[in-house]
Amino acid sequence: MELTFEKPAIRLLENEHRYLAYLAEEWHPIVLRLEEEEDLHTARVLLGTLRERLERFRIPLKKHTDKEEEHFFPVLGGYIGFEQGPLVGIQEEHREIEAYLDHFMHRTEGNPDLLLLDEIRAAARDAGEAFEVLTVNRVKEESVLFPIAEARILPKQMLGLYERMNTMIV
Ligand SMILES: [Fe+2]
């Protein structure tokens, strides 16, 4: 997929969004399937796979959101403020995504062969919610924060930001 932003620091974040969206496509179809699955044995097997993939997914996701919160948001906040405006809601969404994923992990802990279809569906719904918030969050960051950042952050600060954020999330 083509990248939209030009400044290296913002492009780097956009690139991470692409990567995370690509990874999410490895588990989101399982969520959708679990919402429909009638066979308990199949559902348990699928849930095991979903859990494994989500455990892996959380690592680069956390590195990405940490990077935004420790480096990008504080710099951007210097221009647009923290108390009100888009940064508040966007950070809350990061917490929401984590909470849904925590909830999923909690619900699916232990022996999957003890879970019933209803419990599996409830867990899958948490993973589905995490996906929805993640998608909204990415779109908001790219349509609201990134354009403001490119237009307003001064070159020297942008360069410093790039240097601090130029680390791998995998
Ligand atoms: Fe992001």
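**Figure 1. Contact between helices H1 and H3 in the predicted model.** Leu13, Glu16, Leu20, Leu23 and Ala24 of H1 meet Phe57, Pro60, Leu61, His64, Glu68 and Phe72 of H3. The model shown here and in the following views is predicted. The axes of H1 and H3 lie 10 Å apart, and the two helices pack at an angle of about 155°. H1 and H3 are therefore roughly antiparallel to each other. The crossing of H1 and H3 is left-handed.

**Figure 2. Overview of the chain as a succession of helices.** The chain contains 6 helices and 0 strands, and its pattern along the sequence reads α-α-α-α-α-α. Taken along the principal axes, the box filled by the C-alpha atoms is roughly 55 × 30 × 25 Å. The chain has 170 residues, of which 26% count as buried. Among the contacts with a separation of 6 or more, 76% join residues 24 or more positions apart.

**Figure 3. Helix H3, its bend and its end-to-end span.** Helix H3 comprises residues 40-80. A straight helix of 41 residues would span 60 Å at 1.5 Å a residue, whereas the end C-alpha atoms of H3 are separated by only 51 Å. H3 bends by about 40° at Phe73, and the proline Pro74 follows within four residues. Just after H3, Gly81 adopts a positive phi of about 85°.

**Figure 4. The buried residues of H3 and the helices that cover them.** Which residues of H3 are buried? They are Ala43, Leu47, Leu50, Arg51, Leu54, Phe57, Leu61, Thr65, Glu68, Phe72 and Leu76. An α-helix has 3.6 residues a turn, so residues three or four places apart point the same way. The cover over the buried residues of H3 includes helix H1 (8-24), helix H2 (28-36), helix H4 (86-107), helix H5 (117-152) and helix H6 (155-165). Phe57, Leu61, Glu68 and Phe72 are buried residues of H3, and these residues also take part in the contact with H1.

**Figure 5. Leu40 of H3 and its spatial relation to Asp118.** Leu40 is found in helix H3. Is Leu40 buried or partly exposed? Leu40 counts as partly exposed because it has 13 C-beta neighbours inside 10 Å, and a residue is classed as buried at 20 or more. Leu40 and Asp118 are 78 residues apart along the chain, and their C-alpha atoms are separated by 9.7 Å.

**Figure 6. Ala21 of H1 and its spatial relation to Thr135.** Ala21 lies in helix H1. Ala21 is partly exposed, with 14 other C-beta atoms within 10 Å. In sequence, Ala21 and Thr135 are 114 residues apart; in space, the distance from C-alpha to C-alpha is 8.1 Å.

**Figure 7. Helix H5, its span and its kink.** The 36 residues of H5 should span 52 Å at 1.5 Å a residue. The end C-alpha atoms of H5 are 51 Å apart, which agrees with that expectation. H5 nevertheless contains a kink of about 35°, centred on Glu141.

**Figure 8. Packing of H2 against H5.** The axes of H2 and H5 come within 9 Å and cross at roughly 140°. H2 and H5 are therefore oblique to each other, and their crossing is left-handed. On the H2 side, the contact is made by His28, Val31, Leu34 and Glu35. On the H5 side, the contributing residues are Ile120, Arg121, Ala124, Ala127, Gly128 and Phe131.

**Figure 9. Packing of H4 against H5, with the surroundings of Pro86.** H4 and H5 pack at an angle of about 160°, and their axes are 9 Å apart. This angle makes H4 roughly antiparallel to H5. The crossing of H4 and H5 is left-handed. Pro86 lies in helix H4 and counts as partly exposed, with 16 C-beta neighbours inside 10 Å. Which residues does Pro86 touch, not counting residues up to four places away in sequence? Pro86 touches Lys140, Val144 and Leu145. Pro86 and Val144 are 58 residues apart in sequence, with a C-alpha to C-alpha distance of 7.7 Å in space.

Technical notes:
Residues numbered from 1 in each chain as written. Predicted model: local features only at pLDDT ≥ 70, side-chain atom pairs only at ≥ 80, totals over all residues. Expected span 1.5 Å × (residues − 1). Bend = angle between axes of the 7 residues up to and from the residue. Buried ≥ 20, exposed ≤ 12 C-beta atoms within 10 Å, placed from the backbone. Contact = placed C-beta atoms within 7 Å. Axes fitted to C-alpha atoms, helices over the stretch in contact; angles between N-to-C directions. Parallel < 35°, antiparallel > 145°, perpendicular 65-115°, else oblique. Left-handed = near helix turned anticlockwise from the far one by under 90°.
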